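Biologist: I am new to this structure. Please take a close look at the ligand site and then describe the parts of the chain that come up along the way.

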Amino acid sequence: MSDYETLLVEQRDAVTLVTLNRPHALNALNSKVLEELIQAFRAFEADDSQRCAVVTGSGDKAFAAGADIKEMADKGSAEMYKADWFSGWTEDFTRASRKPWIAAVNGFALGGGCELAMMADFIIASENAKFGQPEIKLGVLPGMGGSQRLTRIVGKSKAMDLCLTGRMMGAEEAERCGLAARVVAHEKMLDEALEAAATIAGMAPLAAIANKEAVDAAYETTLDAGLKYERRLFQVLAGTEDKAEGMAAFVEKREAKWTGR
Ligand code: CO8
């Protein structure tokens with residue numbers, strides 16, 4: 001356990017488990033959470049023993065019910081524009097680590113909570129999870145990527161439905177439209193996420209980063225540029241010790257031993 005005000009961070013073998021820990025506010029995301037998440041992810045990135053992370057919410061009710069409305073309520077446009085409000089989430093946080101991480105969504109993932117979950121490499125949701133972008137009900141719109149990431153993931157029609165009506169979407173619908181990779185019984189959800197993370201942590205570390213970068217590139221580039229990028233990454237990995245080990249282990253019918261080189 002480490003010393004954060006708004007997070008619980010623990011290492012379970014090669015998996016870092018980060019729990020958003022403001023249950024009294026349904027884990028609403030304030031500036032302290034952002035600061036500490038960046039800190040925790042930088043530590044995760046720097047620690048070679050850690051290969052995959054899981055982010056979840058404390059309590060039984062919420063992953064995160066959004067950006068902290070009480071913190072934002074008095075802030076005007078001059079103040080927000082000057083501070084480039086929310087840029088820390090979309091830039092500093094997402095760049096804090098290149099390693100894979102999973103959002104384990106245990107309840108409400110609304111507004112910034114849904115946006116944080118979408119920053120993860122994939123989402124494993126409890127059957128109780130509820131996703132939504134209800135910002136329109138506050139007279140605003142998503143500010144941490146909801147209108148952009150959600151649209152890329154679920155398509156225009158569903159994204160418009162969620163952003164314009166502000167309604168919540170259950171876990172089954174989220175899985176059906178590709179937002180959640182898996183839906184699991186509530187009490188088993190965290191174990192399933194930790195197990196998936198342990199599986200990823202058991203892969204060759206550079207291959208894990210390259211797979212993540214290649215899939216992410218599909219959202220940023222043309223198909224032609226993406227295919228070229230994927231090929232180049234493959235060629236780079238071809239020169240690694242882990243590629244030689246992985247292929248030798250297959251031929252020799254044994255477990256591979258990765259070095260991360
Ligand atoms: N920020 C701050 N506190 C929150 C938030 C939040 N997003 N969500 C819940 N809380 C607090 C509540 O105020 C309450 O605190 P208290 O006991 O001190 O009154 C406590 O958490 C428990 O919440 P509820 O009593 O409301 O619990 P319910 O089970 O009745 O309802 C809901 C749960 C439906 C999740 C409800 O809490 C809710 O609707 N929350 C807000 C969801 C939301 O609108 N999220 C989007 C936030 S905005 C955002 O993320 C992007 C930026 C938008 C800019 C806005 C500029 C003004």
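Modeller: The account below starts at the ligand and then moves on to a surface patch, one helix, some salt bridges and two backbone angles. The model is predicted, so local features are described only at pLDDT of at least 70 and side-chain atom pairs only at pLDDT 80 or more, while totals for chains, interfaces and linings use all residues. Residues are numbered from 1 along each chain as its sequence is written, and side-chain values use heavy atoms, with hydrogens and water left out.

The shell around the ligand has 22 residues, and the closest are K61, A67, I69, K70 and G112. A residue belongs to this shell if one of its heavy atoms lies within 4 Å of the ligand. By type, the shell divides into 14 nonpolar, four polar and four charged residues. In this sorting Ala, Val, Leu, Ile, Met, Phe, Trp, Tyr, Cys and Pro are nonpolar, Asp, Glu, Lys and Arg are charged, and the others, Gly among them, are polar.

Three backbone positions make polar contacts with the ligand, namely A65, A67 and G112. A polar contact is a pair of N or O atoms within 3.5 Å; within protein, one atom must be able to donate a hydrogen and the other to accept it, and residues adjacent in sequence count only if both atoms are side-chain atoms. At A65, a backbone N or O atom lies 2.9 Å from a nitrogen atom of the ligand. At A67, a polar backbone atom is 2.8 Å from an oxygen atom of the ligand. For G112, a polar backbone atom is likewise placed 2.8 Å from a ligand oxygen. On its own the ligand has 1,100 Å² of accessible area, and the protein covers 65% of that. Such areas come from the Shrake-Rupley method with a 1.4 Å probe, and for residues only the protein chains shown count as cover.

Two elements give two or more residues to the shell: α2 (69-72) and β6 (108-110). Helices (H or I, at least four residues) and strands (E, at least two) are DSSP runs numbered from the N terminus. Helix α2 has the largest share, three residues.

I69, one of the closest residues to the ligand, also belongs to a nonpolar surface patch of about 270 Å² with L138 and V140. Patches are built from residues with over 30% relative accessible area and no salt bridge, where like charges are joined within 9 Å and nonpolar side chains (Val, Leu, Ile, Met, Phe, Trp, Tyr) within 5 Å. L138 sits in the loop between β8 (130-132) and α6 (146-154). With a relative accessible area of 51%, L138 is exposed. Exposed means over 50%, buried means under 20%, and partly exposed lies in between (1.4 Å probe, protein chains only).

G112, another of the closest residues, is among the buried residues of α5. Eight of the eight residues of α5 are buried, so this helix is largely enclosed by the rest of the structure. A117 is also in α5, and at 1% relative accessibility A117 is buried. The C-alpha atoms of A117 and F63 are 8.6 Å apart, although 54 residues separate the two along the chain.

The count of salt bridges is 13. A salt bridge is a side-chain nitrogen of Lys or Arg within 4 Å of a carboxyl oxygen of Asp or Glu. One of them joins R22 and D68, 2.9 Å from N to O. This pair links distant parts of the chain, 46 residues apart: R22 is in the loop between β2 (15-20) and α1 (31-46), and D68 is in the loop between β4 (62-64) and α2. R22 is buried at 13% relative accessibility, and D68 is buried at 8%.

Another salt bridge, between K212 and D121, also spans 2.9 Å from N to O. K212 lies in helix α10 (residues 205-220) and D121 in the loop between α5 (112-119) and β7 (122-126), so the pair ties together parts 91 residues apart in sequence. K212 is buried at 16% relative accessibility, whereas D121 is partly exposed at 29%.

Two backbone angles remain. Phi is positive at F86, near 80 degrees, in a residue other than glycine; F86 is in the loop between α3 (77-83) and α4 (87-93). Phi is also positive at K253, near 55 degrees, in the segment after α12 (241-251). K253 is exposed, at 78% relative accessibility.
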